[in-house]
Protein chains: 2
Amino acid sequence: MVSVHLEAGQVVVQDAGVPERQPGFALIRLLAAGICNTDVELRRGYYGFYGRPGHEFVGIVVEANSPELLGKRVVGEINLACGICSWCLRGFERHCPTRTVLGIVRHPGAFAEFLTLPENNLHLVPDAVTTASAVFTEPLAAACEILDQVAIPHGSAVAVLGDGKLGLLVSQVLQTSGLRVHQFGRHAEKLRIAERRGVTTEVASDHLPETEYDWVVDATGSAAGLQAAVRMTRPRGTVILKSTVHGSVPLDTAPVIVNEIMLVGSRCGRMEPALAMLQAGSVDVESMIAASYALDQAPAAFAEAERSGVLKVLLFPPPERAST
Amino acid sequence: MVSVHLEAGQVVVQDAGVPERQPGFALIRLLAAGICNTDVELRRGYYGFYGRPGHEFVGIVVEANSPELLGKRVVGEINLACGICSWCLRGFERHCPTRTVLGIVRHPGAFAEFLTLPENNLHLVPDAVTTASAVFTEPLAAACEILDQVAIPHGSAVAVLGDGKLGLLVSQVLQTSGLRVHQFGRHAEKLRIAERRGVTTEVASDHLPETEYDWVVDATGSAAGLQAAVRMTRPRGTVILKSTVHGSVPLDTAPVIVNEIMLVGSRCGRMEPALAMLQAGSVDVESMIAASYALDQAPAAFAEAERSGVLKVLLFPPPERAST
């Protein structure tokens with residue numbers, strides 16, 4: 001099968017064997033996958049990653065113990081948890097200390113014709129949701145995670161910094177959840193996607209409001225973005241850190257302490273609310289698709305995804321097999 | 001009257017006029033004051049401060065509109081708020097955007113024989129509380145502030161990093177509030193103060209536990225302390241930033257985001273719970289007094305307070321007047 005590997009900064013297309021299904025796991029045939037900023041960071045070698053990336057996917061279950069999964073279109077929770085530790089028992093499988101992570105930590109990713117995941121990790125994709133849209137389930141769940149972490153009163157004004165993939169999902173999720181979102185970005189054409197869903201948008205480079213929001217989401221992925229987010233936040237307000245900045249960020253703790261600001265790190269989320277939003281059509285993800293490539297064109301796909309300002313790049317299996 | 005000024009890095013003793021009482025304000029004769037790390041930072045010129053510092057004090061009200069204050073021993077809330085803005089109306093006077101701050105921002109401080117504060121800012125000191133202990137009301141209120149900001153379940157294990165003045169108050173406040181505190185510091189003799197009040201203490205330099213606490217308070221005042229605090233925190237845990245580090249701190253956002261850690265800046269607190277703790281004798285503050293100086297010895301007092309490892313240095317008015 002076609003399989004994409006990262007090694008020493010290179011994207012390499014290989015011919016690999018179909019993975020063997022372990023007990024409790026499903027064998028999944030890929031329908032579509034998405035390239036995330038994390039994949040780009042793995043390619044750049046930030047985490048010493050070596051192997052097959054890919055954690056945003058939709059597939060068809062071809063082998064499984066549970067008959068209700070067989071032949072069904074699924075997406076999957078990317079954290080493979082032990083299921084028995086105190087974290088797992090409290091429902092925090094995503095923080096299981098011995099977890100592996102699909103395409104990120106010691107579990108081969110989804111950029112291949114076939115992948116495996118525990119059956120418990122899988123969610124059926126509602127018929128109303130297209131395969132291309134369902135690829136966004138994982139990042140959309142990450143956007144929804146904010147609502148599981150902090151209780152933002154209905155109708156509150158929320159600032160979202162950044163108009164990349166995650167920023168656009170975050171702004172739409174918060175807007176459709178009854179908040180008044182003001183999104184600041186650098187690209188009018190990208191902001192328009194959120195604008196069409198009711199988000200107030202503003203092309204702003206360095207001129208950002210100060211001490212104005214009780215709730216600010218930093219989805220810029222830049223050190224300057226985090227600093228700006230803190231400056232925009234009112235006393236006793238909350239900044240949600242929705243994107244990793246590689247390396248250390250210089251943080252001025254004085255305004256954080258004087259204004260008693262809360263900074264909340266935010267990562268993966270539950271897929272149920274994300275699938276519900278896709279089914280209801282309450283977020284526009286298809287407008288975020290910038291390009292589609294076949295798996296064996298992965299080097300070109302990564303190059304495209306790494307171009308500044310490009311939104312979601314999708315990967316599809318070779319056409320002759322996708323039509324099976 | 002004797003008045004202490006900071007100018008261009010120097011501590012200067014001056015002879016100044018007794019301040020004029022404005023409407024709504026009380027004129028207070030100083031009984032005792034304490035030198036805080038913030039005063040040391042003001043002396044070092046970090047904030048371009050110029051004038052009279054001092055915000056930890058106990059005094060006697062000598063002039064006031066309210067007869068129930070006259071002749072009484074008081075401590076005072078240091079933030080002078082407008083009283084009419086949305087922050088004040090919500091009970092967040094300490095975040096009033098137009099506030100001045102006793103001895104810090106545009107209101108002359110307590111390092112003088114007389115000072116003024118709004119009568120609304122004053123709290124009577126219970127008879128059972130000695131004047132020397134009552135000097136700790138303000139920093140103790142800052143320690144209590146943590147309990148107003150985050151809901152730590154009774155019996156939880158909490159790590160406190162740092163054994164300076166604030167660290168020792170924080171550890172005692174949390175321990176006496178039903179939490180199991182483990183305090184890490186560098187000075188066995190200072191840690192003993194908290195240990196006698198039931199706090200588990202550990203002299204630890206660089207060997208600190210990792211991913212072990214749901215609640216960590218950083219009271220080190222150092223960049224390394226904040227980094228260590230984040231590393232000690234378990235997924236979904238909370239780090240309370242209880243001391244400012246001057247300038248920018250390099251913060252690695254990756255563990256904050258991956259482990260979804262919450263960082264909470266924490267500053268001044270309400271004086272009521274602090275006075276109640278002093279009255280109940282549930283925290284030992286007198287053991288933290290390192291030295292006492294007369295106001296006109298302020299340069300020596302500051303030098304002593306700035307020596308590494310020295311706890312609280314107190315200032316007293318000239319003896320002939322204090323006995324009035």
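1. Two strands are taken to pair if DSSP finds at least two bridges between them. In this predicted model, strand β1 (residues 2-7) of chain B and strand β2 (residues 10-15) of chain B satisfy that criterion, being joined by six bridges in an antiparallel arrangement. Within this pair, H5(B) stands opposite V12(B) of β2(B). Two residues lie between the strands of the hairpin, and A8(B) adopts a positive phi near 50 degrees there.

2. The principal sheet to examine spans both chains. It is an open sheet of 12 strands with mixed pairing, in the order β13(A)-β12(A)-β11(A)-β14(A)-β15(A)-β17(A)-β17(B)-β15(B)-β14(B)-β11(B)-β12(B)-β13(B). The edges are formed by β13 (200-203) of chain A and β13 (200-203) of chain B; each has a single partner strand, so one side of each is left without a neighbour in the sheet. From one strand to the next, the twist averages 20 degrees. As to the side chains, in a regular strand they alternate between the two faces of the sheet.

3. One pairing inside this sheet may be taken in detail. Strand β15 (residues 233-241) of chain B and strand β17 (residues 262-265) of chain B run parallel and are joined by four bridges. Here I240(B) stands opposite V264(B) in β17(B).

4. Two helices that lie across strands deserve mention. Helix α4 (residues 137-149) of chain A lies across β14 (213-218), β15 (233-241) and β17 (262-265) of chain A, and also across β15 of chain B. The angle between this helix and β15(B) is about 60 degrees. In chain B, helix α6 (residues 188-195) lies across β12 (180-185) and β13, and runs at about 170 degrees to β13(B).

5. The relation between the chains is as follows. A turn of 180 degrees with a shift of 0.0 Å along the axis lays chain B on chain A with an RMSD of 0.0 Å. The two copies are therefore related as by a two-fold rotation axis. Of the interface residues of chain B, 100% are also interface residues in chain A, so the copies meet through the same surface.

6. On nonpolar packing, the general expectation is that nonpolar side chains tend to be buried together in soluble globular proteins. The largest nonpolar core in this model comprises 90 residues, and L174(A) and L174(B) have the most contacts inside it. Leaving aside residues up to four places away in sequence, L174(B) touches I146(B), L147(B), V158(B), V160(B), L179(B), V181(B) and V217(B). A second, separate core has 42 residues, among them A229(B), V230(B), L251(B) and L263(B).

7. Backbone conformation should be checked at two further positions. Most residues other than glycine have a negative phi. R106(B), although not a glycine, has a positive phi of about 55 degrees. This residue, R106(B), is found in strand β8 (residues 106-107) of chain B, and it counts as exposed at 66% relative accessibility. E260(B) is likewise not a glycine and has a positive phi of about 50 degrees. E260(B) is found in the loop between α8 (253-258) and β17 of chain B; its relative accessibility is 3%, so it counts as buried.

8. Which residues are linked with E260(B) in a network of salt bridges? The network comprises R94(A), E145(A), R236(B) and E260(B). Over all chains, the count comes to 28 salt bridges.

9. In chain B, the side chains of R94(B) and E145(B) meet in a salt bridge (3.3 Å, N to O). R94(B) lies in the loop between α2 (86-89) and β7 (100-102) of chain B, and E145(B) in helix α4 (residues 137-149) of chain B, so the pair ties together parts that are 51 residues apart in sequence. Both R94(B) and E145(B) are buried.

10. Two further salt bridges may be compared by their accessibility. R231(B) and E210(B) meet through their side chains at 4.0 Å, N to O. R231(B) belongs to helix α7 (residues 223-232) of chain B, whereas E210(B) lies in the loop between β13 and β14 (213-218) of chain B, 21 residues apart. R231(B) counts as partly exposed at 45% relative accessibility, and E210(B) is exposed, with a relative accessible area of 52%. In chain A, the side chains of E304(A) and R307(A) meet in a salt bridge (3.0 Å, N to O). E304(A), with a relative accessible area of 17%, is buried.

Terms used:
Residues are numbered from 1 along each chain as its sequence is written. Chains are lettered from A and ligands numbered from 1 in the order in which they are written. This is a predicted model: local features need pLDDT of at least 70, side-chain atom pairs count only at pLDDT 80 or more; totals for chains, interfaces and linings use all residues. Side-chain values use heavy atoms; hydrogens and water are left out. Axes are lines fitted to C-alpha atoms, for helices over the stretch in contact, and angles run from 0 to 180 degrees between N-to-C directions. Contact means heavy atoms within 4.5 Å. A nonpolar core is a set of buried Ala, Val, Leu, Ile, Met, Phe, Trp, Tyr and Cys residues joined through side-chain atoms within 4.5 Å. Buried means under 20% relative accessible area, exposed over 50%, partly exposed in between (1.4 Å probe, protein chains only). Copies are superposed by least squares on the C-alpha atoms of residues with pLDDT of at least 70 in both.
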